[in-house]
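Hi,

Here is the structure I promised to pass on. Have a look at it first, and my notes follow below.

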Amino acid sequence: MNARDSFNAKMPTACFLLFFAHGLVFSSWASRIPIIKNALSINEAELGTLLLLMPIGQLSTMVPAGKLISMYGSSWIIKRCFLFYSVFLLLIGLSPSYWTLAVVLFFFGVSGNLCNIAINTQAIEIESMTKRTLLSSYHGAWCFAGLTGAVIGLLMINLHVGTFTHFAIIFAVVTGIWLYSKQNLTNIIHKAEPQTRSIFKSVNPTLVGLGIIGFLSMAIEGAMFDWSGVYFQTIVKAPENLVILGYTSFILMMTLGRFIGNRVIEKYGKKIVLQCCGMLMSGGLFLSVFFPELWICILAFMIVGLGSSLSVPSVYSTVGKVSTIAPSIALSFVSSISFLGFLMGPPLIGYIADSFDLRYSYGLFACFGILLTLMAGQMKVFRKY
């Protein structure tokens, strides 16, 4: 490891702002999906295909992102590539056809994941330098950006501001954050041994276990992000103006949990925190399944949000401490397995709901929380960190 720059007090803030900028770009795109769908006359099947292209782009960067960051450092990637994420957001706003949008979304996913791995690696490096637990609050910044982007999107739509103009404003904000942050980054390069075999054969069982825990947690997150509104609509039978309370209650507690999570992890340790996260996610989902009443489900989804808040940050924070390969490569491996849960969870929910009922889907995913709790208790790595 070669640290070219000494620590300065602006580094944690700069990294926090980069997480916020990343979340703002993603949520801005999400807020405009219905508008773009109507503008390009895209049907539901075509939209489903489009939405798959972004995660395909993300997964395609799994190996190259880790290698690039290992070779050049996370700050090198952030300085040269971070702005491309918001550039592709601009191009989404300019896409004149379905096929143009398809290509742009693929590269939107590529750039988004490259930036995601770079800023998470940067966060792990800052944690190592400061000897503090910070990743939870950084992920909290991403969640808060999700709320901010949704509110901005709602405002822009109600003011009849065009999609490109909306995205241009976000691009300007992100550019300002990038200009500040790129001057205040760590510049650590991990001199890893040349890879003589596949990365998949180089990782150790601990990293696989961390990836599976991330998978279980992000599968539940995906179920909440994509299906909470539908659950309130079809199962809870909430009034139309209250359907959004399912998602809102979940994301608010997830954001709050991540901002207070650093102290919780430092006080109780990652093993206990992860076990509690699994039980909270499981308990909240089971509560919504057995008592599908409006106010009970609002409470249940708040419990799930709190449980979801610290699981992935705890996993990512552990990666850099247990890897025998470059942290960026290890993080790329673990985050890619984790993200598969986010990608595969929502379709699985839909298939089960189509054959049985959405409550059965949520009941199955509640079992994921139990499995996460058991795995966290058995993995030796959480006894050390």
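His 160 lies in the loop between α7 (135-158) and α8 (163-181). Keep in mind that this is a predicted model. What caught my eye is the backbone there: His 160 is not a glycine, yet its phi is positive, at about 60°. Is this residue buried or exposed? His 160 has a relative accessible area of 73%, and exposed means over 50%, so it counts as exposed.

There is another case of this kind further along the chain. Lys 237 has a positive phi of about 60° too, again without being a glycine. You will find Lys 237 in the loop between α10 (205-234) and α11. Its relative accessibility is 63%, so Lys 237 is also classed as exposed.

Now for the surface. Which residues form a nonpolar patch there? They are Phe 144, Leu 256, Phe 259 and Ile 260, and together they have about 360 Å² of accessible area. Helix α11 (residues 245-268) gives the largest share of the patch, with three residues.

One of the patch residues, Ile 260, sits in helix α11. Its relative accessibility comes to 46%; partly exposed covers the range between 20% and 50%, so that is the class Ile 260 falls into.

If you open the model, I'd start with the two loop residues, His 160 and Lys 237, and then turn to the patch around Ile 260.

Cheers

Conventions: Residues numbered from 1 in each chain as written. Predicted model: local features only at pLDDT ≥ 70, side-chain atom pairs only at ≥ 80, totals over all residues. Heavy atoms only, no water. Patch = residues over 30% accessible without salt bridge, like charges linked within 9 Å, V, L, I, M, F, W, Y side chains within 5 Å. Areas by Shrake-Rupley, 256 points an atom, 1.4 Å probe, with all protein chains shown as cover. Salt bridge = Lys/Arg side-chain N within 4 Å of Asp/Glu carboxyl O. Helix = DSSP H or I, 4+ residues; strand = E, 2+ residues; numbered from the N terminus. Buried < 20%, exposed > 50% of the residue type's maximum accessible area, 1.4 Å probe, protein only.
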